[in-house]
Amino acid sequence: MLALERLIGRQFHPHQLIEAGLAALVLDVESESLPLLAGLSRTEHESADVLFEQVLDELGLASNLPVDDTGIPWETARWELVRWWLRLIVNGSLAPGAGGDVITYEGWGVLARPRSLRPLVAKVDAYNDWEKIRDGTREQSAAAIVAEAERLLAGPWPPPD
């Protein structure tokens, strides 16, 4: 998914690529360069991008990806990214506010603001409302984002408008 996200122009910090490498190792993914990527120290971060590309090549993923996002059904790819981000929110790997912001700008906005994502975007807006932060209801807003993510994932995909 990181490789697909890069196709749409998202940039990653080296530590994110290293964390992805660590996660892949934990999931028993095997690649010659994967332990090298996962084991990079802070002083070696400049090597993360190159090693990430090597891992993609070794796993045969690079050959299955187009050079840019014009070679895949654009809308389908975007919806798959939204679904992935929703899963990360639900499993706790992505903070609800940050994940909701990514979906709002990289999903909902780019997909011409589908009605099916409006409830999630409204909950993200409520989460980002500074007045609510002072009221102590931010945790409730975060829980509402997670609940909406779960609802979306439980239905048909992509969600009908």
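## Starting with a definition

A residue is called buried when its relative accessible area is under 20%, exposed when that area is over 50%, and partly exposed in between. Glu80 makes a handy first example: its relative accessibility is 27%, so Glu80 counts as partly exposed. The model you are looking at is a predicted one, so keep that in mind as you explore.

## The overall picture

Welcome to a protein built with nine helices and zero strands. If you walk along the sequence, the pattern reads α-α-α-α-α-α-α-α-α. The protein has 161 residues, and buried residues make up 35% of them.

How do the contacts spread along the sequence? Taking contacts between residues at least 6 apart in sequence, 60% join residues at least 24 apart.

## Helix 2 meets helix 4

A good place to zoom in is the packing of helix 2, residues 14-26, against helix 4, residues 48-58. The two helices pack at an angle of about 35°, and their axes are 9 Å apart. Their crossing is left-handed. On the helix 2 side, the contact is made by Pro14, Leu17 and Ile18, while helix 4 brings Ala48, Asp49 and Phe52. Sorted by class, this contact has five nonpolar residues, one charged residue and no polar ones.

## A closer look at Ser31

Next, find Ser31 in the loop between helix 2 and helix 3, the latter spanning residues 34-38. Is Ser31 buried or exposed? Its relative accessibility is 14%, and the cut-off for buried is under 20%, so Ser31 counts as buried.

The side chain of Ser31 also makes a polar contact with the side chain of Glu58, at 2.4 Å. Setting aside neighbours within four places in sequence, Ser31 is in contact with Val55, Glu58 and Leu59. Glu58 therefore appears both in that list of contacts and as the polar partner of Ser31.

## Three salt bridges

How many salt bridges does the structure hold? There are three. One of them joins the side chains of Arg78 and Glu106, at 3.3 Å from N to O. Arg78 sits in helix 5 (residues 74-91) and Glu106 in helix 6 (residues 96-108), so this pair ties together parts that are 28 residues apart in sequence. The two partners also fall into separate accessibility classes: Arg78, at 6%, counts as buried, whereas Glu106, at 23%, counts as partly exposed.

Another salt bridge brings us back to Glu80, whose side chain meets that of Arg83 at 2.6 Å, N to O. Because these residues are three apart in helix 5, about one helical turn separates Arg83 and Glu80. A further salt bridge links Glu148 with Arg151, where the closest N and O atoms are 2.6 Å apart. Here too the spacing is three residues, this time in helix 9 (residues 138-154), so Glu148 and Arg151 are separated by about one helical turn. Glu148 has a relative accessibility of 6% and counts as buried, while Arg151, at 46%, counts as partly exposed.

Conventions: Residues numbered from 1 in each chain as written. Predicted model: local features only at pLDDT ≥ 70, side-chain atom pairs only at ≥ 80, totals over all residues. Heavy atoms only, no water. Helix = DSSP H or I, 4+ residues; strand = E, 2+ residues; numbered from the N terminus. Buried < 20%, exposed > 50% of the residue type's maximum accessible area, 1.4 Å probe, protein only. Polar contact = N/O pair within 3.5 Å; in protein donor to acceptor, adjacent residues only side chain to side chain. Contact = heavy atoms within 4.5 Å. Salt bridge = Lys/Arg side-chain N within 4 Å of Asp/Glu carboxyl O. Axes fitted to C-alpha atoms, helices over the stretch in contact; angles between N-to-C directions. Left-handed = near helix turned anticlockwise from the far one by under 90°. Nonpolar A, V, L, I, M, F, W, Y, C, P; charged D, E, K, R; others polar.
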